[in-house]
Amino acid sequence: MGDTSQLIQQISIYALPVLLAITLHEAAHAYAAKRFGDATAYMLGRMTLNPLKHIDPVGTVLLPLLSLMMGGVLFGWAKPVPVNFGALRNPRVGMRWVAAAGPLANFIMAVLWVLLLKLAIVMNNSYSEPLALMSKAGININVMLMVLNLLPLLPLDGGRIVESLLPPGLAYKYSRLEPYGMWILIALIFTGVLMPLLNPLRQLVYHLLSLFF
């Protein structure tokens, strides 16, 4: 019974931060794509703050629940926003900004959660503890989603940014690695290599956020 109530408490703390993190991340991709010339996501209704449009049953619901139950790092993903890079006015520059929009949205959300954490501490009333717990969850989720997506691995956002910066010949060769990208990511997770790879950037982001605190 204790484990069940603890899990329910964890879900109540993490539900809103997770939904906001994935929704605004994907909506930011859709907005950037439309801004740079591709309206595919917009026409498919993905340039929206409705989380139901972005939820992936496995990546957004099942995996985060399993992560909470096992007590590990919260991990998951949303339904990818469709982008036709060929339709962008300047495909290489557009690709870079479309890819960067998601992690940038997560950084902005992390900053906002930091400000809410400050508010929770200042309020010092019955709402302070729940708001503080939710704010800490929001910070951690957004930092994790940001640094994970900045891995220079296709189809992640970091991989798209690298592809957009490489000379055309190298970019084409690099793009051919995309079918293996998720398998590489899974291998990094199960071998325990992923977190040591992400930790330096995570610590840097937490340091930047501490400037707002």
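**Figure 1. Aromatic pairs and charges over rings in the predicted model.** The number of aromatic pairs is zero, where rings of Phe, Tyr and Trp (its six-membered ring) pair if their centres lie within 6.5 Å, with planes under 30 degrees apart counted as stacked, over 60 as edge-to-face and the rest as tilted. Two charged residues nevertheless lie over rings, a charge being placed over a ring if NZ of Lys or CZ of Arg is within 6 Å of the ring centre and within 35 degrees of the ring normal. Lys 34 has its charged end over the ring of Tyr 42, 4.8 Å from the centre. Arg 35 is placed over the face of Phe 36, with 5.9 Å to the ring centre. The model is predicted: local features need pLDDT of at least 70 and side-chain atom pairs count only at pLDDT 80 or more, while totals for chains, interfaces and linings use all residues. Residues are numbered from 1 along each chain as its sequence is written, and side-chain values use heavy atoms, with hydrogens and water left out.

**Figure 2. The salt-bridge network of Arg 160, Glu 163 and Glu 178.** The whole structure contains two salt bridges, each defined as a side-chain nitrogen of Lys or Arg within 4 Å of a carboxyl oxygen of Asp or Glu. In one of them, Glu 163 pairs with Arg 160, and the closest N and O atoms are 3.5 Å apart. Both residues belong to helix 6 (residues 157–165) and stand three residues apart, about one turn of the helix; helices are DSSP runs (H or I, at least four residues), numbered from the N terminus. Arg 160 also forms a salt bridge with Glu 178, with 2.8 Å between the closest N and O atoms. This pair links distant parts of the chain, from Arg 160 in helix 6 to Glu 178 in helix 8 (residues 178–190), 18 residues apart. Arg 160 is buried at 14% relative accessible area, whereas Glu 178 is partly exposed at 27%. Through shared partners, the salt bridges join Arg 160, Glu 163 and Glu 178 into one network. Buried denotes under 20% relative accessible area, exposed over 50%, and partly exposed the range in between (1.4 Å probe, protein chains only).

**Figure 3. Helix 5 and the surroundings of Asn 149.** Helix 5 has 22 residues and extends 31 Å from its first C-alpha to its last, close to the expected 32 Å; the expected span is 1.5 Å times one less than the number of residues. The helix is mostly covered, with 17 of its 22 residues buried. Asn 149 lies in this helix (residues 128–149) and is buried, with a relative accessible area of 12%. Beyond its neighbours within four places in sequence, Asn 149 is in contact (heavy atoms within 4.5 Å) with His 25, Pro 103, Leu 156, Asp 157 and Gly 158.

**Figure 4. Backbone features in the loops on either side of helix 5.** Asn 124 is found in the loop between helix 4 (91–123) and helix 5. Although Asn 124 is not a glycine, its phi is positive, about 55°, and the residue is exposed at 66% relative accessibility. Pro 155 lies in the loop between helix 5 and helix 6. The peptide bond joining Leu 154 and Pro 155 is cis, with omega about 10°.

How values were computed. Helix = DSSP H or I, 4+ residues; strand = E, 2+ residues; numbered from the N terminus.
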